[in-house]
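Let's take a walk through this model, starting from the inside and working outwards. Have the structure open as you read.

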Amino acid sequence: MINKITSILILVFLLLNLQSYSQKITGKVIDDQDLPVSFATVALVNAQSNKLEKAGTTDLNGEFEIEGIKPTKYLLKISFVGLKNYQSDTINYIGNNINLNSITLSKALNNLQTVEVSTIRPLIEVEPDKTVFNVEGTVNAAGSDALELLRKAPGVTLDNSNNISLKGTSGVIVYIDGKPSILSQDDLATYLETLDASQIDKFEIISNPSAKYDAQGQAGIINIILKKQKTISSSATINLGYNQGNYFPKYKAAITGNYKKNKLNSFINYSFNNRKHRSFSSFYREQNNNVFERNDIHKRAGISHNLKFGSDYALNNKHSIGIALDGSMVNNASSESRSNTFLGPETIGYTQNLSAGSNETRSRQNGNINLNYRYNDTTGHSLSIDVDYGNFTRSNYSDIFNVYSDIASSSNVLNTINYVNDNASEITLKTMKTDYEQNLFSGKIGFGLKLSDVTTQNNLNFYDKINEQLIINENRTNYFTYTERVSAAYIS
């Protein structure tokens, strides 16, 4: 009976998640001649705060769709070079499908008396192999973190567990400055939450990766490009943030320093984040003549540090060498969950209760070093060589309990399950890769080589907790070392 109702709970939650991300706002953008406007910038803005909620572009047919948004009131803004900007009336989105049909952008009329040349960085740029979502120099440059910005990026959706999908496809690989992240989904979300928008230059969204990228990125790649100094000078920027919620405060700090003179270009980014969250949820369901009600509370807190340093030296106009270091650390982050689920026949009411909870403590350290060489000339030839070494360690301690009891007598415990997981893992990554490109007729030809060596060590101790005593469970305890060596080449 319990297993059946638990299965129903899981199915219902999955259906609710699917429903919440299947609804969308669609439309088509045309010009005065009824021709489709391709690659126009589409921005959905909160009508009250005027804050960008989701960005996108029209396709070759001028059509667009925006999904993965919460119900509220929005304004739709559309822009395209040479055409007048468009802003809709207030859209009251309640989670249903909305089709705005055709939206016409009229030609912009300019009466030039004086000419002033200026550049404004567009929010979205569509290139042949990728879509670029700009952060620096746009409305996204302050007040957000990388995870919040990802929710706004075109074609990107995140579910309640921060799993990333690109155009409805899961298995997206996140790159940092052109290098794949080895973090798990939870650790990646934590890292992105601590990465301040002021440290980000842009997102490159690659929905159809070429052979240049690793095979595991074929579901899509999101490359986060961090800032580097572009002018000959030295500078430092400090960003401080503080948020007060109903229960906890959150505060963060970020420092960005740059130095560029003659042939040397160096930068350093450091961020600190103290996060505390508290969330509630309630769920009621009637199905197959049974009723159940679930109430949850979840708390989590942690302090994290992120550091990135890079330096490039130009040997001449074509050749340069560089070094990059980056690392992140989370120590003794805590998570606490409690839930109560009441079960029973619809005709009688609740007869049983499932009380579940967990207490979790985790730590994570991640460090990488990169040595690189770059060659570029004015005729389209380019060569890059990268040597990387990375180390990732993680420890996780979880105390989990489930107690089934009879509603009529709270002392009548039907079943109790209490266990502890103590998990430590370490990943060491060594890679060397080279890529070469040159112009060929009206296109490009490229080829490359990659060698990698990855060693993973994982130590999971599983304990049954009986009368507050930990008893090792040999059947569920596991230790393994996994080594992967890859030699790969491509041509495109």
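The largest nonpolar core has 30 residues, and the ones with the most contacts inside it are Phe-133, Val-156, Ile-164, Ile-200, Phe-203 and Ile-224. By nonpolar core we mean a set of buried Ala, Val, Leu, Ile, Met, Phe, Trp, Tyr and Cys residues joined through side-chain atoms within 4.5 Å. Two or more residues each come from β3 (52-57), α2 (146-152), β11 (156-158), β12 (164-166), β13 (173-176), α3 (185-194), β15 (200-206) and β16 (221-226). The element that gives the most is α2, with 4 residues. Helices (H or I, at least four residues) and strands (E, at least two) are DSSP runs, numbered from the N terminus.

A word on ground rules. This is a predicted model, where local features need pLDDT of at least 70 and side-chain atom pairs count only at pLDDT 80 or more, while totals for chains, interfaces and linings use all residues. Residues are numbered from 1 along each chain as its sequence is written, and side-chain values use heavy atoms, with hydrogens and water left out.

Back in the core, what does Ile-164 touch? Leaving aside residues up to four places away in sequence, Ile-164 touches Leu-150, Val-156, Thr-157, Leu-158, Thr-169, Ser-170, Gly-171, Val-172, Val-174, Gln-185, Leu-188 and Ile-222. A contact here means heavy atoms within 4.5 Å. Apart from the 30-residue core lies another core, of 18 residues, with Ile-69, Leu-76, Leu-83 and Ile-91 among them.

Now for the sheets. Six strands form an open sheet with mixed pairing, in the order β9-β10-β15-β16-β13-β14. The edges belong to β9 (124-127) and β14 (179-180); each has a single partner strand, so one side of each is left without a neighbour in the sheet. Two strands pair if DSSP finds at least two bridges between them. Inside this sheet, β13 and β16 run parallel over 4 bridges, and Val-174 has Ile-222 in β16 as its bridge partner. Val-174 and Ile-222 also appear on the list of residues that Ile-164 touches.

Elsewhere, β5 (residues 72-80) and β6 (residues 83-87) run antiparallel and are joined by 3 bridges. In that pair, Ile-78 has Tyr-86 in β6 as its bridge partner. The hairpin leaves 2 residues between the strands, and Gly-82 takes a positive phi near 90°.

Further along the chain, β21 (residues 319-345) and β22 (residues 352-376) pair antiparallel over 23 bridges. Asn-340 stands opposite Ser-355 in β22. Their hairpin has 6 residues between the strands, with Gly-349 in the turn at a positive phi of about 110°. β22 is also joined to β23 (residues 382-406), again antiparallel, through 25 bridges. Here Ser-358 stands opposite Ile-400 in β23. This hairpin has 5 residues between the strands, and Gly-380 in the turn has a positive phi of about 95°.

Those turn residues are glycines, but which others have a positive phi? Most residues other than glycine have a negative phi. Asp-34, though, has a positive phi near 60°. Asp-34 is found in the loop between β1 (24-30) and β2 (41-46), and is exposed, with a relative accessible area of 58%. Asn-467 also has a positive phi, near 55°. Asn-467 lies in the loop between β25 (443-466) and β26 (469-472) and counts as exposed at 70% relative accessibility. The cut-offs are under 20% relative accessible area for buried and over 50% for exposed, with partly exposed in between (1.4 Å probe, protein chains only).On the surface, Ile-238, Leu-240, Ile-255, Ile-268, Tyr-270 and Leu-307 make a nonpolar patch of about 580 Å². β17 (234-244) and β19 (264-287) are the elements that give two or more residues to the patch. Patches are made of residues with over 30% relative accessible area and no salt bridge, with like charges joined within 9 Å and nonpolar side chains (Val, Leu, Ile, Met, Phe, Trp, Tyr) within 5 Å. A salt bridge is a side-chain nitrogen of Lys or Arg within 4 Å of a carboxyl oxygen of Asp or Glu. Tyr-270 is found in β19 and counts as partly exposed at 30% relative accessibility.

Zooming out, the protein has 3 helices and 27 strands. Of its 492 residues, 38% are buried. Among contacts between residues at least 6 apart in sequence, 62% join residues at least 24 apart. The protein exposes about 27500 Å², with carbon and sulfur atoms supplying 52% of it; accessible areas come from the Shrake-Rupley method with a 1.4 Å probe, and for residues only the protein chains shown count as cover.
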